[in-house]
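I sat down with this one and a blank notebook page. These are my entries, in the order I looked things up.

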Amino acid sequence: MPARLRVLAGDCRVTERGDRTRTHRGRVVVLIKPDNTTLVHDADGYQPVAWLTRPESVVVEGDGAGFTVTARDGSRRLRVVAEAATASRALPVTEAGIPVGTCPDDGGPLVRSRGDVVCLDCERRWGLPAGASVTDATCEACGSPKIRVERGEAFHLCSDPSCDPLEEAVSDRFDRVWDCPDCGTDLAVRYAPGRVYLACTAPDCETTLSVPSGVAVDECACGLPVFETATGRRCLDGTCPVGGGT
Ligand SMILES: [Zn+2]
Ligand SMILES: [Zn+2]
Ligand SMILES: [Zn+2]
Ligand SMILES: [Zn+2]
């Protein structure tokens, strides 16, 4: 059940009360978003005549002919009164994101929004690893779009983490490949929500290193790999005094 955007229109008296009180009169459109954000638009430009962003409350009253909208946020108030309404609708709305494919469950559009993949129909949502890009390829197992994500090398995985977990791919490739910079014991691939990291396997060593988003391109003088990341070259050990060179 998608959220609803309320759209009301009419010849309205718009009163804002806050630091100062202002009144407008005109044929305007009032939009009330699912998060209560209330916008009053007139004929001109993109900017609302009056608005309150995510107010604490919005009350809409109507008598069939006209309507009154009262939005309150602390001491601020926005009130819109129409004697005669020309429109009063509630329309389904979703967040908007970059199209990335088709939902394998219901064929609905999938978009990428705020680091997640969301189906606009069933609203199923899953998170993407940091730095991942969605590709044109489709997962053969489940039909979801695939992603490219760099953790030491480029992995091409299903975007649905329950189908093709990043931590398994990184573990298959890099578990116990590198040695702890503090004691020389094997580094194991471990996983915490939203993060793949390396942990020393020696019982008395607590060294952990996060695996940066990037590809290993060289070997540091300390023996660990040098990563090419979006912000430049660095040693896998972020505190390595030798560092990633140039
Ligand atoms: Zn769906
Ligand atoms: Zn899949
Ligand atoms: Zn260690
Ligand atoms: Zn190093």
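Below I go from the domains to the strands and then to two single residues.

**Entry 1: what I am looking at**

I note up front that this is a predicted model. I started with the domain division, which gives domain 1 (3–93), domain 2 (98–164), domain 3 (174–211) and domain 4 (212–246). I then checked domain 2 against domain 4, and their C-alpha centres lie 29 Å apart. I still find contacts between these two: seven residues of domain 2 touch four residues of domain 4. On the domain 2 side of that contact I count two nonpolar, two polar and three charged residues.

**Entry 2: the record**

I pulled up the UniProt annotation next. An unreviewed entry there puts "domain: Endonuclease NucS N-terminal PH-like" at residues 4–85. I looked at that span in the model and got 0% helix and 68% strand, with the end C-alpha atoms 19 Å apart.

UniProt, again as an unreviewed entry, also lists "domain: DNA topoisomerase type IA zn finger" for residues 137–165 and 179–212. I ran both stretches. Residues 137–165 come out at 0% helix and 45% strand, with 17 Å between the end C-alpha atoms. For residues 179–212 I get 0% helix and 44% strand, and the end C-alpha atoms are 16 Å apart.

**Entry 3: the seven-stranded sheet**

I traced the sheet from edge to edge. It is open, has seven strands in the order S4-S3-S2-S1-S7-S6-S5, and its pairing is antiparallel. Strand S4 (50–52) and strand S5 (57–62) are the edges, each pairing on one side only. Ignoring direction, I get an average turn of 35 degrees between neighbouring strands.

Then I went through some of the pairs:

- Strand S1 (residues 3–17) and strand S7 (residues 76–93) are joined by 14 bridges and run antiparallel. Ala 3 sits opposite Val 93 there.
- Strand S2 (residues 21–32) pairs with strand S3 (residues 38–41) over four bridges, in the antiparallel sense. I noted Val 30 with Val 40 as bridge partners.
- Strand S6 (residues 67–73) is held to S7 by seven bridges, also antiparallel. One bridge is between Asp 73 and Arg 76.

I looked at the turn between S6 and S7 too: they form a hairpin with two residues between them, and Gly 74 in the turn has a positive phi of about 60 degrees.

**Entry 4: S8, S9 and S10**

In domain 2 (98–164) I followed three strands. Strand S8 (residues 98–102) and S9 run antiparallel with four bridges joining them, and Pro 99 has Val 111 as its bridge partner in S9. Their hairpin has six residues between the strands, and Gly 107 takes a positive phi near 75 degrees.

S9 also pairs with strand S10 (residues 116–119), antiparallel over four bridges. Here Leu 110 is bridged to Cys 119 in S10. The hairpin of S9 and S10 has two residues between the strands, and I noted that Arg 114 takes a positive phi near 50 degrees.

Which side chains along strand S9 (residues 109–113) are buried? I find Leu 110 and Arg 112 buried on one face, while Pro 109, Val 111 and Ser 113 point to the other and are not buried. A reminder to myself: side chains in a regular strand alternate between the two sheet faces.

**Entry 5: Cys 158**

I picked Cys 158, which is in strand S14 (residues 154–158). Why do I call Cys 158 buried? Because 22 other C-beta atoms lie within 10 Å of Cys 158, and the cut-off is 20 or more.

Leaving out residues up to four places away in sequence, I listed its contacts as Cys 139, Ala 141, Cys 142, Ser 144, Lys 146, Cys 163 and Asp 164. For Ala 141, 17 residues away along the chain, I get a C-alpha separation of 8.6 Å from Cys 158.

**Entry 6: Arg 176**

Last stop was Arg 176, in the loop between helix H1 (166–174) and strand S15 (187–192). Arg 176 has 13 C-beta neighbours inside 10 Å, so I class it as partly exposed. Apart from neighbours within four places in sequence, Arg 176 is in contact with Asp 186, Leu 187 and Ala 188. I also checked Thr 201: 25 residues from Arg 176 in sequence, and 8.7 Å away C-alpha to C-alpha.

Note on methods
Residues numbered from 1 in each chain as written. Chains lettered and ligands numbered in written order. Predicted model: local features only at pLDDT ≥ 70, side-chain atom pairs only at ≥ 80, totals over all residues. Domains from an automatic or database assignment. Nonpolar A, V, L, I, M, F, W, Y, C, P; charged D, E, K, R; others polar. UniProt positions renumbered as here; feature names shortened; annotations may be inferred. Pairing = 2+ DSSP bridges. Axes fitted to C-alpha atoms, helices over the stretch in contact; angles between N-to-C directions. Buried ≥ 20, exposed ≤ 12 C-beta atoms within 10 Å, placed from the backbone.
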